[in-house]
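Ready for a short workout with a protein model? Take a look at the sequence and the fold, then work through the exercises below.

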Amino acid sequence: MLSKQQLIALIDYRNACRFKGWRAVIHITGAQLAVENTAHLIVAHMQLSQVVYTDQPVQNIQRLLGTECDALVINAYQGVNPNVLGMACASLRAGGVLMLLSPENTKWPDYPD
């Protein structure tokens with residue numbers, strides 16, 4: 001769970017990126033349920049609209065092509081396809097937030113890719 005200070009720091013980071021027109025990237029690792037709950041908490045506190053939650057099968061990402069969103073939450077617990085990740089990021093508005101949810105770095109190699 002995030003502390004209030006960590007949440008404020010993430011909001012400040014997002015605001016700085018938005019001011020510059022950059023896309024913010026937040027990588028959240030750990031146990032899947034805890035990571036998903038943390039992502040929902042961040043989205044709620046950042047007051048993001050147009051949030052897309054997705055895993056990465058190509059058919060799920062293709063529906064994003066030609067659209068824009070303020071936040072993209074990608075669940076990488078079923079693996080990561082770099083090409084699909086790149087396609088998905090193209091739908092992220094300047095100043096938007098990409099959240100990548102994944103297992104801990106030491107455990108991630110044991111997951112399918």
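Here are three exercises with worked solutions, all on a predicted model.

**Exercise 1.** In what order do the 4 strands of the sheet stand, and which of them stand at the edges?

*Solution.* Begin with the order: the open sheet reads β1-β4-β3-β2, with parallel pairing. Next, look for strands that have a single partner: these are β1 (24–29) and β2 (51–54), so each has one side without a neighbour in the sheet. Finally, check the twist: neighbouring strands are turned against each other by 15° on average, direction ignored.

**Exercise 2.** Work out how β2 pairs with β3, and which helices pack on the sheet.

*Solution.* First, take the strands: β2 and β3 (residues 69–75) pair in the parallel sense over 4 bridges. Val-51 stands opposite Ala-71 in β3. Then turn to helix α4 (residues 82–89), which packs on the sheet and touches β3 and β4. The direction of α4 makes about 160° with that of β3. Helix α1 (residues 4–20), in turn, lies across β1 and β4 (92–102) and runs at about 150° to β1.

**Exercise 3.** Is Ile-26 buried or exposed, and which residues does Ile-26 touch?

*Solution.* Start by placing Ile-26: this residue is found in strand β1. Its relative accessibility is 6%; buried means under 20%, so Ile-26 counts as buried. Now list contacts, leaving out residues up to four places away in sequence: Ile-26 touches Leu-10, Tyr-13, Ile-42, Met-46, Val-97, Leu-98, Met-99 and Leu-100. As a last step, take Tyr-13 from that list: Ile-26 and Tyr-13 are 13 residues apart in sequence and 9.7 Å apart in space, C-alpha to C-alpha.

Terms used:
Residues numbered from 1 in each chain as written. Predicted model: local features only at pLDDT ≥ 70, side-chain atom pairs only at ≥ 80, totals over all residues. Heavy atoms only, no water. Pairing = 2+ DSSP bridges. Helix = DSSP H or I, 4+ residues; strand = E, 2+ residues; numbered from the N terminus. Axes fitted to C-alpha atoms, helices over the stretch in contact; angles between N-to-C directions. Contact = heavy atoms within 4.5 Å. Buried < 20%, exposed > 50% of the residue type's maximum accessible area, 1.4 Å probe, protein only.
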